[in-house]
Amino acid sequence: MEPISAADFHELAQVSTPRLSPEGDRVAYVQRTPSDDSEYEATVHVADTTGGEPQRFTLSEGIDSEPRWSPSGDRLAFVSTRGAADDRQQLWVVPTDGGEAAQITSVVGGVGQIAWAPDGERIAFVQQVTDADREADRDLEVEPEFEPETPDPRVVDRTVYRTAEQYRDGRRSQVYLVTPDGTEIQRVTTADRDHASPTWGDDDTLYFARDADVADPDDSLATEIRAYDLDSGDSVLRHETTTFQPALAASGRRVAFSYIDPAQGTMAQTELHLLDETDTVHDLTAALDRTLAADLRVTWDPDGGALYFGTPDEGATALWRVHAADLAATDSPEAEPRPLAVEPERVRRDEWSAIDGFDVGDDRVAYVQSSWDHPGDLFVADADGETATRLTECNADYLDTHAVQEPEEIRFSADDGGESDAATCQGWVLTPPEFDPEASYPLAVEVHGGPHAMWTTSGTMWHEFQTLAANGYVVFWSNPRGSAGYGEAHMQAIERDWGTVTASDLLAGIATVAERPSVDEDQLFVTGGSFGGYMTAWLVSQTDQFEAAVSQRGVYDLLGFYGSTDWAYKLVEDDFDTTPWEEPAFLQAQSPTGHAHEVETPTLVLHSEDDYRTPICSAELFHRILRKHGVDTRLVRYPDEGHELSRSGQPGHVVDRIERIVRWFDGYAADRSVPPALEREPDAGLTGSADEE
């Protein structure tokens, strides 16, 4: 068997966005594979739920996403960049019984969040447009050669004026309707607010979410749920909620939506509420001590009798169901959401596995799941989550020839500081191929982001973990306090203290793993991204027990982060319950840059130049402090990349990042015969280098 390498990323296919056909006999999904160092190929495939070889359904041109069956199943809508001179996505529709796909829109703001009307006569979508776009009707049709001008100078009048990798430049997300043949397109919304999540209640009613009418929508979680009547063209406010990412699911006049306690903000678990026909709000997850998974959409079954949703759940993703017929409420004030008298039932959870998308049919559930032994495939189970069948094995040839290691779960006690009710944390240990228990291996520690995220043995980190193990490292990762998936108390344990609490848990886990004879306790290495980058920098500023570290896209200076990030400045206000003008000294003391002058550990800093979640300025500050104090360090900047580099960055950059981590560790590992990276040419030994040593 061949060892897994960073460059193998080019060979791995990724599966996403499953959608069941109306008859439930087929599942459409997207399969994405790197095509070269800078591009991916992403096409729609269709699998039969009874088995057989899946078929590619769209051409290998552009990036396809969001497959959606028409209500009758005779057409499939999808979003694609095919034929575009830029990366603007447009709506396409293809007959399901054969024939060519037709481009339905040519709009200036791109197309996303598409949703068929129940009668199949309209498709709702969202695009980002400016007032000038609407005045020139470019939001209805734009010439292919149109190029929007980059503002010069760029004048900012919003609290959050950029996000992900893009400046907003006066654009707002608006809702539109288009006929499936593209002959008629109409504006549904024009208000100077952002709109999201269009979902149909019936043929004549479209629901959507939009920013509430407050002084500064960018600085508020207040979100309106509105009902648009197609006959009158009127938009009516149904309810106001508070949420970071609006998630709506409608069935008739019932609308399910996400809710966050505004008093807690980023520290709160996301709940699922339901607005019924009488405008009473029910709390569907009051009895469930879990937070909604932000990347899994809430979904009604076709009859509107039950709602399905996902949560992180102790190192795995769980699918849950709650029956809308069970809306018998307990006695509680009418003004407050009513908790259900029944608890949601867990219908699917495979140990340590991650679910990356699902859809619900009359009698089955389709979902994409990754596990320790594969990076993701399409499955189908009955509506109760039983009798699961795997429909794809898209990486079978690769997995048959490469050594994939099975992780071992461990549980360890958090450092409770003398408290009797110490938390128990979950983690995993991955050993190298051909592991010799009599030998001694260096330990590579990985720290997740968030900070309120949760790791499994799979998901987007599958390839990186396996690559580190293949390079001779025992790999350890865990879900310390602050992580989601273990209840509210576990998640909120890091309030006003990102560094000390999480570090104590990580060090307790490391000490547990280092007790093994096969782990060299004097050869410890650490890396992580985003909050994991924060923790990597924090750890090396507090202890010298690591031989080397790689900090990625981290938050290093909370004061600067507050002013330069996108909406994530709320992490400072909510997780730390303060602002830079209230407690500047406190935030400085909670920042890695406040302690960076104490670092002695050789530390590589990796960052994306277009990262507007954790802007590069604080990475530059952290790196400069290290250099000023004589620490072995290097800053690697990735152009044209944002915060999602490790998950969806250019394939060449994804490979380069992992190889640089391994090379940096190798240079300080006692059992390696290679010099430190700083003593070599900057690109020596990397796949993209002409000089591959």
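The exercises below treat cysteines, nonpolar cores, two single residues and salt bridges in a predicted model.

In this predicted model, local features need pLDDT of at least 70, side-chain atom pairs count only at pLDDT 80 or more, and totals for chains, interfaces and linings use all residues. Residues are numbered from 1 along each chain as its sequence is written, and side-chain values use heavy atoms, with hydrogens and water left out.

**Exercise 1. Cysteines**

Find how many disulfides the structure holds, and classify C425 and C617 by accessibility.

Solution.
- Step 1: A disulfide is a pair of cysteine sulfur atoms within 2.5 Å. The structure holds zero of them.
- Step 2: Buried means under 20% relative accessible area, exposed over 50%, and partly exposed in between (1.4 Å probe, protein chains only).
- Step 3: C425 has a relative accessible area of 0%, so C425 is buried. C617, at 39%, is partly exposed.

**Exercise 2. Nonpolar cores**

Describe the largest nonpolar core and the surroundings of M535.

Solution.
- Step 1: A nonpolar core is a set of buried Ala, Val, Leu, Ile, Met, Phe, Trp, Tyr and Cys residues joined through side-chain atoms within 4.5 Å.
- Step 2: The largest such core has 54 residues, and L443, F476, W498, V526 and M535 have the most contacts inside it.
- Step 3: Helix α5 (residues 498-514) gives the most to this core, namely eight residues. Helices (H or I, at least four residues) and strands (E, at least two) are DSSP runs, numbered from the N terminus.
- Step 4: Contact means heavy atoms within 4.5 Å. With neighbours within four places in sequence left aside, M535 is in contact with V447, W498, G499, T502, A503 and L506.
- Step 5: Another core, of 27 residues, lies apart from the largest one and has M461, Y473, V475 and W664 among its members.

**Exercise 3. Two residues in strands**

Work out the setting and polar contacts of R348 and Q113.

Solution.
- Step 1: R348 belongs to strand β27 (residues 345-348). Its relative accessible area is 14%, so R348 is buried.
- Step 2: A polar contact is a pair of N or O atoms within 3.5 Å; within protein, one must be able to donate a hydrogen and the other to accept it, and residues adjacent in sequence count only if both atoms are side-chain atoms.
- Step 3: The side chain of R348 makes a polar contact with the side chain of Y367 (3.3 Å). A polar atom of the R348 side chain also lies 2.5 Å from the backbone oxygen of G385.
- Step 4: Q113 sits in strand β9 (residues 112-116) and is partly exposed at 35% relative accessibility.
- Step 5: A polar atom of the Q113 side chain lies 2.7 Å from the backbone nitrogen of S197.

**Exercise 4. Salt bridges**

State how many salt bridges the whole structure has, then examine the pair R172 and D211.

Solution.
- Step 1: A salt bridge is a side-chain nitrogen of Lys or Arg within 4 Å of a carboxyl oxygen of Asp or Glu. A search of the whole structure finds 50.
- Step 2: The side chains of R172 and D211 meet in one of these, at 3.8 Å, N to O. This pair links distant parts of the chain, 39 residues apart: R172 is in strand β13 (residues 172-178) and D211 in strand β16 (residues 205-211).
- Step 3: R172 is buried at 10%, and D211 counts as buried at 16%.
- Step 4: D363 and R364 also form a salt bridge (3.7 Å, N to O). D363 is partly exposed at 45%, and R364 is partly exposed at 23%.
- Step 5: Salt bridges with shared partners join R290, D313, E314, R346, R349, E351, E409 and R411 into one network.
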